[in-house]
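Here are my notes for you, as someone coming to this structure for the first time. Have the model open while you read, and hop between points as you like.

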Amino acid sequence: MRYNRLGSTGLIVSELCLGAMTFGTDPGRFANVAGMDQAASTAMVKQALDAGINFIDTANVYTRGQSERFVGQALKDLGLARSDVVIATKAMGAMGEGPNDAGISRYHLMHQIDASLERLGLDHVDLYQIHGWDSQTPMEEALRALDDIVRSGRARYVGVSNWAAWQIMKALGISERLGLEKFASLQAYYTVAGRDLEREIVPMLQSEGVGLMVWSPLAGGLLSGKYTRGDDDKSQGEGRRAAFDFPPVEMDRAYDLIDVMQGMAQAKGKTVAQIALAWLLHRPVVSTVIVGAKRADQLADNIGACEVEFTKDEWDQLDKASRLPREYPGWMLGFQGSYRDDKVSPRRSVQ
C-alpha cells in the first residue's frame, strides 16, 4: 500500500480508500448496493486496515445513516486509536421529507455535521464533503458554513463531490477572497472506461492543488471482469451493475477496452478489475481510489491492484483503447500553444 498527500494538504492517505456504501441493511435508496450487517462491516474494516488502508469514506444518506453508525461501531469494536484512521463523510442529500432536509444551506449543513458525528460516535471527522450541487443555496453561504465547521473543530478539512470545474473554481475564488477554508479534495467518477474528467476537471485539479478521490473506479462493476461484449442485458449478469446500471458508459469503447484488459490481465496473472484499478493508481492527479465490496475476496482482489505495474507498451495500449475523442477547445489549445512548447528545451533527465 502506498500513501499520498490529499491534494496540497499535509494529510497523508492510503492510495485505496474503503468506501462504506455497502454498509447497512436499511431498505432505502441504496438497498441495491448495500446489504452488509454490522459484523460483516466490522470485518471488512479490519481487513482494510490490516492491508494498510487508513482512509474510510461514508455519507449520511448511505442506508439513511446506518452506514455511518456501522463505521463508528466498527472503529469502537476494533479498539482503534482515532489517530490511526482518516474518516470522511458527506452531506447534501435528503435526510427527510421537509424542504430544508436536503441541500447545502447553513441550516442543513450545521445540523447534519452534528447528526453524522453522533452516528459515528466521534467528536470530529477528518474530511467533510458537500455531496453534490445545490442550485438553491448561495455558494458563499455554504462555504461560510463549512469554514465554521472547521473552525469549530468538527472537521479538519472540507471537500466537494460531483461539481463541475467552473463551480469548483468559483468556490476556490470565493474562499481565497474571504479567507475561508478551501476545498481540499474533489470526489468524482473516473475510470479507464470513463475519462470525461480529463477534459476540464483534471487540469483544474492539477492547477489548483485539489486532491481527487475516485468513486466507482470499476464503472459500477462493468470493469470487474464479469461482463464481456454481448452482455447487453446486464440483468442477466451478477453484481452491482445487474441491479443498478450506473454510471453511464459508452459501451462500444468500454468493450474494446475490456478486450485489451482481459489479455493484459491473463498475461500478468491478474484480474481485469486489478488492471482497471491500477490504471487509476498510476494517474498523478489521483490521491485515493475508493473501493467498496460486500465480500472479503472482492476487497482482497481490489487490494491486489496495488501490486500491478505497467510497461510503456501496456500503458499505451490502455490509453489507445480508452482515450476520449478530441473536443473543442482542447484541440485548439494544443494547436495554438504547440509552437511555444518547441521553444523550451527539455529538462535534463536523471540517469
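1. Let's start with S41, which is buried, its relative accessible area being 0%. In this predicted model, S41 belongs to helix 1. If you skip the neighbours within four places in sequence, the residues in contact with S41 are F23, G24, M36 and F70. One of those, F70, sits in helix 2 and turns up again when we look at how the two helices meet.

2. So how do helix 1 and helix 2 pack? A pair of packed helices is described by the angle between the axes and the distance between them. Here helix 1 covers residues 38–50 and helix 2 covers residues 66–77; their axes come within 9 Å and cross at roughly 60°. That makes the two helices oblique to each other, since an angle counts as roughly perpendicular only from 65 to 115 degrees. The crossing of helix 1 past helix 2 is right-handed.

3. Which residues of helix 1 and helix 2 meet? From helix 1 come Q38, S41, T42 and V45, and from helix 2 come R69, F70, Q73, A74 and D77. Sorted by class, this contact has three nonpolar, four polar and two charged residues. It's worth recalling that an α-helix has 3.6 residues a turn, so residues three or four places apart point the same way. Have a look at the spacing of the contact residues with that in mind.

4. Now the strands. Eight of them form a closed barrel in the order 3-4-5-6-7-8-9-10, and the pairing is parallel. Going from one strand to the next, the twist averages 30°. Try following the barrel round once before you go on to the next points.

5. Strand 5 (residues 86–91) is a good one to look at: six of its six residues are buried, so the strand is largely enclosed by the rest of the structure. V86, A88 and K90 point one way, while I87, T89 and A91 point the other, and all are buried. Note that K90 is on that buried list too. Next door, strand 4 (residues 55–57) runs parallel to strand 5 and is joined to it by three bridges. Within that pairing, I56 stands opposite I87.

6. Elsewhere in the barrel, strand 8 (residues 183–189) pairs with strand 9 (residues 211–215) in the parallel sense, over five bridges. S185, for example, has G211 of strand 9 as its bridge partner.

7. Stay with strand 8 for a moment, because L186 lies there and counts as buried at a relative accessible area of 0%. What does L186 touch, leaving out residues up to four places away in sequence? The list is V160, S161, N162, W163, I168, I201, L205, V210, G211, L212 and M213. S207 is 21 residues from L186 in sequence, and the C-alpha to C-alpha distance between them is 13 Å.

8. Helix 9 (residues 272–281) lies across strand 3 (16–19), strand 9 and strand 10 (286–291), and it runs at about 155° to strand 10. Is helix 9 mostly covered or uncovered? Mostly covered: 10 of its 10 residues are buried. They are V272, A273, Q274, I275, A276, L277, A278, W279, L280 and L281. The cover over these residues includes strand 3, strand 9 and strand 10, along with helix 8 (251–268), helix 10 (296–303) and helix 11 (312–322).

9. A few backbone details deserve a second look. Most residues other than glycine have a negative phi, and most peptide bonds are trans. R64, though not a glycine, has a positive phi of about 50°; you'll find R64 in the loop between strand 4 and helix 2. S216 also has a positive phi of about 50° without being a glycine, and its place is the loop between strand 9 and helix 7 (240–243). As for surroundings, R64 counts as exposed at 54% relative accessibility, whereas S216 is buried at 14%.

10. Last one: where is the cis peptide bond? It joins Y328 and P329, with omega at about 10°. P329 is in the loop between helix 11 and helix 12 (330–341).

Methods: Residues are numbered from 1 along each chain as its sequence is written. This is a predicted model: local features need pLDDT of at least 70, side-chain atom pairs count only at pLDDT 80 or more; totals for chains, interfaces and linings use all residues. Side-chain values use heavy atoms; hydrogens and water are left out. Axes are lines fitted to C-alpha atoms, for helices over the stretch in contact, and angles run from 0 to 180 degrees between N-to-C directions. Helices (H or I, at least four residues) and strands (E, at least two) are DSSP runs, numbered from the N terminus. Angles under 35 degrees count as roughly parallel, over 145 as roughly antiparallel, 65 to 115 as roughly perpendicular and the rest as oblique. A crossing is left-handed if the near helix is turned anticlockwise from the far one by less than a right angle, and right-handed if clockwise. Contact means heavy atoms within 4.5 Å. Ala, Val, Leu, Ile, Met, Phe, Trp, Tyr, Cys and Pro count as nonpolar, Asp, Glu, Lys and Arg as charged, and the others, Gly among them, as polar. Two strands pair if DSSP finds at least two bridges between them. Buried means under 20% relative accessible area, exposed over 50%, partly exposed in between (1.4 Å probe, protein chains only).
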